[in-house]
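Here are my notes for your read-through. Please check each point against the coordinates as you go.

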Amino acid sequence: MTQAQVRPEAPGVPVVQAEAIHKSFGQLVVLDGIELEVASGEALVVIGPSGSGKSTLLRCINLLEPIDSGRIFLEGEEITRKGAKVAAIRQRIGIVFQQFNLFPHLKAIDNVTLAARRVRRMPRREAETKAHALLSRVGLDEKAKQYPHQLSGGQQQRVAIARALMMEPRVMLFDEVTSALDPELVGEVLVVMRDLANSGMTMVVVTHEMQFAREVGDRLIFLDEGKIVEEGVPTDVLDRPKQERTKQFQKRSLQMAHSLEELEITREGEVE
C-alpha cells in the first residue's frame, strides 16, 4: 500500500473518516461534499428529512454504493482506493437495514452463523457457541431454533443485529432499523442498540427516534439535500439549533409529535 492509501497509525485515528464525498444518481445530487469523522467508541447519530442522503451515506461507507469522488477511510486505511478488497472490508463494517433480510428457510441461529461459516470457514461448533452468546446478548437465545416467521418484527431485527455482530465489525451502521416496526416493538431494539453503544461499539445510526439520539448519541449531524447543515452534541442541536433549516426541521417534528392542527399544505405541496 502507498502512503496515500494508509494513514499513519495514531491513538486518535478515526474508525471512519469521509473526505469530500460526492454521490449522484443521474442528475440528482445525493451527497454533496460530506466530511465527517467517527472516533473509536463514538455513537454518531444522523438525522434529516427523507431524501436527504442519510441511507446513501451509510451504503457508501459500507461500499454498497460507489462514490463519485472523495475518499473514505476505515481505521486509517483508504477503502475507496482502486484495488481495495471489498469483501474483506465489509467484514469489518456491520450494517443493519430497515428490513430484517433474514433467510426465511433458516433458523435464527443459522441466520447468525451462516456468514462466519461460509466466509471465515469457522467450524460449526465454534460458530454456534459464539452465536448463542450473541443471541443471549440481544435477549433471544431461547429463540435460537425458531424460524423468522415465528418471531416478531422486533425479534427479527435483534437477530439481524446479532448476525452483524457475528463478524466482529469495527463499526456498526444502523439504517432506520426501527422504522418498519410496530410502535410497541421499537423499544426492545433501541435497548439493544443502547447497550451496544454503552459497551463501546463504534456506531453510525440513522434514525428518527429523537429520544434515542438525545440519550445515546455522543454527537449528532443534521443532513439536508446531501449536506451536513449542523452538527454537535445532540441536546444542543435538537434543543438549541443554530441553523434556520435545522430549526424548521425540529419545529415540524415537534408539531407532528404533539398535534396536526397547526400544520397545513402549501400551494407548493409542502407542509407548514
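1. Which residues of α6 are buried? The model is a predicted one. In it, the buried residues of α6 are L185, V186, V189, L190, V192, M193, L196 and A197. Seen down the helix axis, these buried residues fall within an arc of 155°, so they line one face of α6. An α-helix has 3.6 residues a turn, so residues three or four places apart point the same way.

2. What sits on the face of α6 turned away from its buried side? That face carries the exposed residues E184 and N198.

3. The length of α6 checks out. The helix covers residues 183-198, 16 in number, and at 1.5 Å a residue should span 22 Å. Its end C-alpha atoms are 23 Å apart, which agrees. Just after α6, G200 takes a positive phi of about 100°.

4. What covers the buried residues of α6? The cover includes the helices α4 (124-137), α5 (153-165) and α7 (210-216). It also includes the strands β3 (43-47), β7 (171-175) and β8 (203-206).

5. Now the largest pocket. Its volume is about 630 Å³. It is lined by 25 residues. Nearest its centre lie R90, I95, A115, R163 and M167.

6. Which element supplies the largest share of that lining? It is α3, with five residues. The elements that each supply at least two lining residues are α2 (86-90), β6 (93-96), α3 (108-119) and α5. Helix α5 thus appears twice in this note: in the pocket lining and in the cover over α6.

7. By residue class, the lining of the largest pocket divides into 15 nonpolar, seven polar and three charged residues. Keep that split in mind when setting up any probe of the site.

8. Next, α1 (residues 54-61). Six of its eight residues are buried, so this helix is largely enclosed by the rest of the structure. The buried residues are K54, T56, L57, L58, C60 and I61. Note that a lysine, K54, is on that list. Just after α1, L63 takes a positive phi of about 65°.

9. Is T56 buried or exposed? T56 lies in α1. Its relative accessibility is 12%, and buried means under 20%, so T56 counts as buried. Leaving aside neighbours within four places in sequence, T56 is in contact with K23, F25, V30 and L31.

Notes. Residues are numbered from 1 along each chain as its sequence is written. This is a predicted model: local features need pLDDT of at least 70, side-chain atom pairs count only at pLDDT 80 or more; totals for chains, interfaces and linings use all residues. Side-chain values use heavy atoms; hydrogens and water are left out. Helices (H or I, at least four residues) and strands (E, at least two) are DSSP runs, numbered from the N terminus. The expected span of a helix is 1.5 Å times one less than its number of residues. Buried means under 20% relative accessible area, exposed over 50%, partly exposed in between (1.4 Å probe, protein chains only). The arc is that of the directions from the helix axis to the C-beta atoms. Contact means heavy atoms within 4.5 Å. On a 1 Å grid over the protein atoms alone, a cavity is a set of points where a 1.4 Å probe fits but cannot get out, and a pocket is an open set with protein on both sides within 12 Å along at least five of seven lines; lining residues have an atom within 4 Å of a point. Grid points are joined across faces, edges and corners, and a volume is the space filled by probe spheres set on the points. Ala, Val, Leu, Ile, Met, Phe, Trp, Tyr, Cys and Pro count as nonpolar, Asp, Glu, Lys and Arg as charged, and the others, Gly among them, as polar.
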